[in-house]
Amino acid sequence: MPEIAVMGAFEGLDVMLNDALYGILFRDINMQRTMIDQFFSRVINGFAGVIINTGEDNYLTTADAVEAAHTVLASDIINEQLALIAGLPEEQMGLGHAFEMDPMLENGFLLELAQAQMAREIFPKAPLKYMPPTKFMTGNIFRGHIQDALFNMVGIWTNQGIQLLGMPTEAIHTPFMSDRFLSIENAKYIFNNMKSIGDEVEFKEGGIIRTRAKEVLDKAIELLEKLNEEGLFTALEKGIFADVKRPRNGGKGLDGVTPKGQNYMNPFIKIMLGGK
C-alpha cells in the first residue's frame, strides 16, 4: 500500500482506493500487516493531497443491505478515525457506501435514501464514495437502467461526492463504450433535473426515512461500543463485517511484520505529518 501510494503521488492522482479493512476481508491480507501498511500509505496520501476512497460498499455484496447497514456506518467511522490518526483531512476521505437494497423490497428506495442522507450528515466534509447497484443486477438491462436511475436520484438528492455510475449491462459483460455513454447520459439527465432537490425537501418527523436512519445509527453505536470492549481484531475474527471471518494470525503478509528495533526510524512520517 505505501509503495502504491508513492506511485500515485508521483503521477498526481486525484483519487486512490485506500481502505483499512478491505484487504483483510476481501483479499485475505493479514490484519496486522494491513493496519501497518494503511497507516503509512495514508500519511503519504494526506501529504500528497490524494483523496482516498474506502470499500464499505463491498460489505453489502456479501451481507444483507437491510440487516448489515449499521456495519457499513461503523466501518466508515473506523476508517475515518484511522485516517485522522494518519493526518488525512476529512476533505480527502471518500468514505464508501452503496445502493444495494433488493429492488423488490417495499420502500427500498426510502431505505436507500435514509442511508445516504445519514452518511452525508454524519460526515459533512467528506467526499463520500457512493457505489451503484451490483448485487441485484440480473442482466435485464431495462430494469437495471431504472435501478441505476434511482441510484443517481439518491446521489444528487444527498450530495454524494464521488458517484460511481452503474451500467445497464452489469452482470452480462464488461461494459462497452456505448453502455458507458448511456450511464453518463442517465446521470447527467437526473443530476440536472434534480439538482436542488436536497435543498427543497425535508424529511417527516417519525417517518420511514428518519426512523430508518436512527435505527442504523443506534445499531452502529452499539456495535462500536462492543468493538471498544472486544477489539477490532476480534470483530474481524467473528465475521462482523461483510460476514467474512479472518484469523488474527492468518492471511498473506504476516511474515513481513516484525517489532520495531531500538534504532528504528522513519523520518518521512514525521516530515509528512508536519513535524508532529
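**Stop 1: H5 and H10**

Select helix H5, residues 69-85, together with helix H10, residues 208-230; in this predicted model, the two pack with their axes 8 Å apart and at an angle of about 60 degrees. That angle makes H5 oblique to H10, and the crossing is right-handed. Now show the side chains that meet here. From H5, pick Ala69, His70, Thr71, Leu73, Ala74, Ile77 and Ile78; from H10, pick Arg212, Val216, Leu217, Lys219, Ala220, Leu223, Leu224 and Leu227. Colour the residues of this contact by class and you will find 11 nonpolar, two polar and two charged.

**Stop 2: H3 against H5**

Keep H5 on screen and add helix H3, residues 31-48. The axes of H3 and H5 come within 8 Å and cross at roughly 60 degrees, so H3 is oblique to H5. This crossing, too, is right-handed. On the H3 side, select Met35, Gln38, Phe39 and Arg42; their partners on H5 are Asn79, Leu82, Ala83 and Ile85. By class, this contact has five nonpolar, two polar and one charged residues.

While H3 is lit up, click on Thr34, which is found in this helix. Is Thr34 buried or exposed? Its relative accessibility is 3%, so Thr34 counts as buried. Leaving aside residues up to four places away in sequence, Thr34 touches Met1, Ala20, Ile24 and Ile29.

**Stop 3: the largest nonpolar core**

Which residues have the most contacts inside the largest nonpolar core? Select Leu21, Leu25, Tyr59, Leu236 and Phe241 to see them; the core has 26 residues. Several helices each supply at least two residues of this core: helix H2 (22-27), H3, helix H4 (59-62), H5, H10 and helix H11 (232-238). In soluble globular proteins, nonpolar side chains tend to be buried together.

Zoom in on Leu25. Not counting residues up to four places away in sequence, Leu25 touches Tyr59, Leu236, Phe241, Val244 and Arg246.

**Stop 4: two loop residues with positive phi**

Most residues other than glycine have a negative phi, and most peptide bonds are trans. Here are two residues to compare with that pattern.

Start with Asp28, in the loop between H2 and H3. Phi of Asp28 is near 55 degrees, a positive value in a residue other than glycine. With a relative accessible area of 26%, Asp28 is partly exposed.

Then jump to Ala242, in the loop between H11 and helix H12 (267-272). Phi of Ala242 is near 65 degrees, again positive in a residue other than glycine. Ala242 counts as buried, at 3% relative accessibility.

**Stop 5: Pro89**

Next, follow the chain into the loop between H5 and strand S3 (93-94), where you will find Pro89. Pro89 counts as partly exposed, at 31% relative accessibility. Add Met16 and draw a distance line from C-alpha to C-alpha: the two residues are 15 Å apart in space and 73 residues apart in sequence.

**Stop 6: H6 and H7**

Finish with helix H6, residues 108-122, and helix H7, residues 141-157, whose axes come within 10 Å and cross at roughly 35 degrees. H6 passes H7 in a right-handed crossing. To see what joins them, select Phe109, Glu112, Leu113, Ala116 and Gln117 of H6, then Leu150, Met153, Val154 and Trp157 of H7. The residues of this contact divide into seven nonpolar, one polar and one charged.

Notes
Residues numbered from 1 in each chain as written. Predicted model: local features only at pLDDT ≥ 70, side-chain atom pairs only at ≥ 80, totals over all residues. Heavy atoms only, no water. Axes fitted to C-alpha atoms, helices over the stretch in contact; angles between N-to-C directions. Helix = DSSP H or I, 4+ residues; strand = E, 2+ residues; numbered from the N terminus. Left-handed = near helix turned anticlockwise from the far one by under 90°. Contact = heavy atoms within 4.5 Å. Nonpolar A, V, L, I, M, F, W, Y, C, P; charged D, E, K, R; others polar. Parallel < 35°, antiparallel > 145°, perpendicular 65-115°, else oblique. Core = buried A, V, L, I, M, F, W, Y, C linked by side-chain atoms within 4.5 Å. Buried < 20%, exposed > 50% of the residue type's maximum accessible area, 1.4 Å probe, protein only.
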